[in-house]
Amino acid sequence: MAAALSTRRYGKKLMDPVNREKRRLAALERLAIMDTESEERFDRLINLARRFYNTPIALFSLLDEKRQWFKSKRGLDFSETPRCVAFCDHAIRQDSVFVVPDATKDERFCSNPLVTGEPHIRFYAGMPVREPGGFKMGTLCVMDRKPRDIPEHELDVLRALASLVEDEVERFYHASQYQKQVPVSRLNRAIQRAQNVFHTDDNQDAAFELLLSDLLVLTDSQFGFIGEILTNSDNSPYLRVGAITDISWSSESAKRFQQRKTRGMLFERLDSLIGASMLSDEVLLSNEFESDSRAGGLPPGQPQITRYMGVPIFSGDNRVGLLGLANRPVGYTNKLAAELEPLLQTVGQLIERKRMYQERQEHQKGLEQAANFDSLTGLPNRRRLTELFELELTLADQRQGALAICFIDLDGFKEINDDYGHSVGDAVLKTVAARLQHILRECDIIARLGGDEFVAIIRDVENNAVYERMLEAIRRPIHHQDVTLNLAASMGVTLYPRDQSTPDLLLRHADQAMYVAKDAGRNRYSIFDFETHVSRIEQGRILEQAAKALDEGQFEMYLQPKIVLANHRVEGFEALIRWNHPEKGLLGPISFLPQVEHTEYAAEVGRFVIADAVAKLQHWKQLGLPYSLSINLSPTHLLSDRFVADLQAALQGCDPDVRSSLIIELLETTALNDSGRIMGILLKCRNLGVQVSLDDFGTGYSSLDHFRRLPAQEIKIDRSFVSDMLTNADDEMIVKSIISLSKNFKRRVVAEGIETQAMQDKLIDMGCEQAQGFFYSKPLPADAALAWAEAYQQR
């Protein structure tokens, strides 16, 4: 009690994972649901999950210390497993749905006996289920014996069903309350009284007095106390007593008690049962007080204590208070403490709410005194930033300088807030603000917009190193209250005057770049691509014109010949699309295809290419020309559900020799993105009689097994390897390997990008079969290409 009041401050003892798990197991034991009979209300919900996701297995699982037990199950013959092999043990460590698309490819589960043996789990999705006190006790999960990939939005059904399971668990809990030692009705009335007094009376001690009276009656205890656990400046805990039973028996001790109560009673000694209770996350019981080595001596004049129970009070994972009860005739048990949990949980929430209210009051006073600055970090707030931003833009124009506008969002801050509470989150924000101020110059601006969002305006940035220094400052571990916290940040940057937008738009562009950084994996910065932003506007114009171009026949297929190197014969052509734009002239594919991709026009253009190619092949057949024709199609169209039907419709009525002359070129990278789906599509193409060519080979790092199984007759070596093979030994080895590999697997091989005689001769020496490139001919209109081919073969 010797510590000065100036050293006292609110503090929270954060619960470590071991004690959190102990409390979770205690909550599960209180629920008394393990090893109970199956119930229709739970069976109904897992049946809904199984039917919606069309899986053979659905479970409502519970996890105690050593095992996973199924309260409700469908599709399994056994009722429990060891916890060490439970997928659900991983799921309860999450706050949302835990998904394993293919367990055999996940190093955490590939050796799991539930994967290698019955029930041969491949796919798993589980949503944590909480008991009424908020602890995750198990999961609602679905499993399949084959890999699955469920879109994120479809997981909402699993979340909703898990919420319904929690409702049923709460009903189960309330239905069993009649078995408790503490009458439920009296406990509920005590909870209601505590809430009313905390909300209506500013005197928290008055609320504690009423609460202590209720607790003494509920537990049949003679004495007790209740108070808040706070910490001194050295982080040592002490108890500020809010209410205590007047247990004095003499006038002297009564006077001392009254003086302490007036000044405020503090318990700071840790070498006693009260001290041990303050340091523990668990209930402390002593039913033989006199012989308990932890008890310590009682003050003079105090009555004899025979039995004692100390119960920590929590708000979430934070220990915020302590209840002490003494001299219950029948002694104290963990079961009694468990029955008081709903009341004490309410008290913990009320204490925390009161603390937060007081903090907000203090913050509000600070804001009234300094409306332009963030009360937590001392940084300029949004209002002040607007004024400073306008000034900085004016000064930049005057000095003909530049500004970097940086939008910073912390990665992992929400988890810290959820796990450790708002006071720890505030400390993190203040640390981040101080570090950013230290990194930047006095002439630069750092402001806090709110939450975990910051904005920096930096003058005349010469290189990007400053952005990395800012992120590195945030990445450094933060040590706070005996815990080490780690977080990072995503940052978006836009540059003025290259981006000559208004202040609001500049912030919006930096915000957009920040989300690009998050999508790229977080913990990085991204610079707003103003040119790409402008190109999106251009994309809109192109899409508006694409429909008209298709209707009016503005698209045209140019042809580039493919040469058989052994006899210098024209084997066929590759068709390359061009746009005869009425205003811009002849446009190459790079000018419009990227804008068309992932839109409805990707398939429209694809159908045009297929139809044009089939028409050309039928015309060549009538002329007696034995040429093949390769076409390139949009991955969006190729992977769509309509592609095979589009191809089949275009080939309707075509002879087999026309079909076999059509070659569909597929980028190797497209083939790798969804190998199972693309394999099925290509096999259907083969069944329709067309050929398949694997384009740009060598850029996608295909596996040998993938190469072997892919139904392609032709391999096209990417031009990047061919162009450098004369000067780069690695590229030469790659080209040789691809040629050898193709021959071993009986694939036709074509080299792209031939530009010189030396390149052609080198390919002939390597045994390459076909080639194409500007050395022979650039892409030409169809008639000109046929004329070139005739002249080439007659030379």
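In this short talk I will go from the whole chain to its pocket and cavities, and then to one strand and one residue.

Please keep in mind from the start that what we are looking at is a predicted model. The chain has 795 residues, and 49% of them are buried. Along the chain there are 29 helices and 29 strands, and I will refer to some of these by their labels as we go. If we take the contacts between residues at least 6 apart in sequence, 65% of them join residues that are at least 24 apart. As for the outside, the chain exposes about 38300 Å², with carbon and sulfur atoms supplying 50% of that area.

Let me turn to the largest pocket, whose volume is about 980 Å³. Its lining is made up of 34 residues, and if you want to find its centre on the screen, look for R20, R130, G134, F135 and D317, which lie nearest to that centre. Which elements each supply at least two residues of this lining? They are the helices α1, at residues 17–31, α11, at 341–369, and α13, at 413–420, together with the strand β12, at 308–315. The largest share comes from α11, which gives six residues to the lining. Sorted by class, the pocket lining holds 15 charged residues, 10 polar ones and nine nonpolar ones.

Now for the cavities, of which a search of the whole structure finds two of 30 Å³ or more. The largest cavity has a volume of about 80 Å³, and it is lined by 14 residues, with L59, Q68, L114, I121 and M143 closest to its centre. Strand β3, at residues 67–74, and helix α3, at residues 87–91, each supply at least two residues of that lining. When the lining of the largest cavity is sorted by class, we count 12 nonpolar residues, two polar residues and no charged ones.

From there I would like to move to a single strand, β8, which covers residues 223–231 and is mostly covered itself, since nine of its nine residues are buried. What does β8 pair with? One partner is strand β13, at residues 318–326, which runs antiparallel to β8 and is joined to it by six bridges; within this pairing, G224 stands opposite L325. Another partner is strand β9, at residues 237–244, and here the pairing is again antiparallel, over seven bridges, with T231 standing opposite P237. β8 and β9 form a hairpin with five residues between the strands, and in this hairpin N235 takes a positive phi near 75°. As a general point for reading such strands, side chains in a regular strand alternate between the two faces of the sheet.

My last stop is I715, which lies in strand β27, at residues 714–717. Is I715 buried or exposed? I715 counts as buried because its relative accessibility is 1%, and the cut-off for buried is under 20%. Setting aside its neighbours within four places in sequence, I715 is in contact with L694, F697, F707, I738, S742, R747, R748, V749 and V750. One of these, R747, is 32 residues away from I715 in sequence, yet the two are 6.5 Å apart in space, taken from C-alpha to C-alpha.

That brings me to the end, and I am happy to go back to any of these places on the screen.

How values were computed: Residues are numbered from 1 along each chain as its sequence is written. This is a predicted model: local features need pLDDT of at least 70, side-chain atom pairs count only at pLDDT 80 or more; totals for chains, interfaces and linings use all residues. Side-chain values use heavy atoms; hydrogens and water are left out. Helices (H or I, at least four residues) and strands (E, at least two) are DSSP runs, numbered from the N terminus. Buried means under 20% relative accessible area, exposed over 50%, partly exposed in between (1.4 Å probe, protein chains only). Contact means heavy atoms within 4.5 Å. Accessible areas come from the Shrake-Rupley method with a 1.4 Å probe; for residues, only the protein chains shown count as cover. On a 1 Å grid over the protein atoms alone, a cavity is a set of points where a 1.4 Å probe fits but cannot get out, and a pocket is an open set with protein on both sides within 12 Å along at least five of seven lines; lining residues have an atom within 4 Å of a point. Grid points are joined across faces, edges and corners, and a volume is the space filled by probe spheres set on the points. Ala, Val, Leu, Ile, Met, Phe, Trp, Tyr, Cys and Pro count as nonpolar, Asp, Glu, Lys and Arg as charged, and the others, Gly among them, as polar. Two strands pair if DSSP finds at least two bridges between them.
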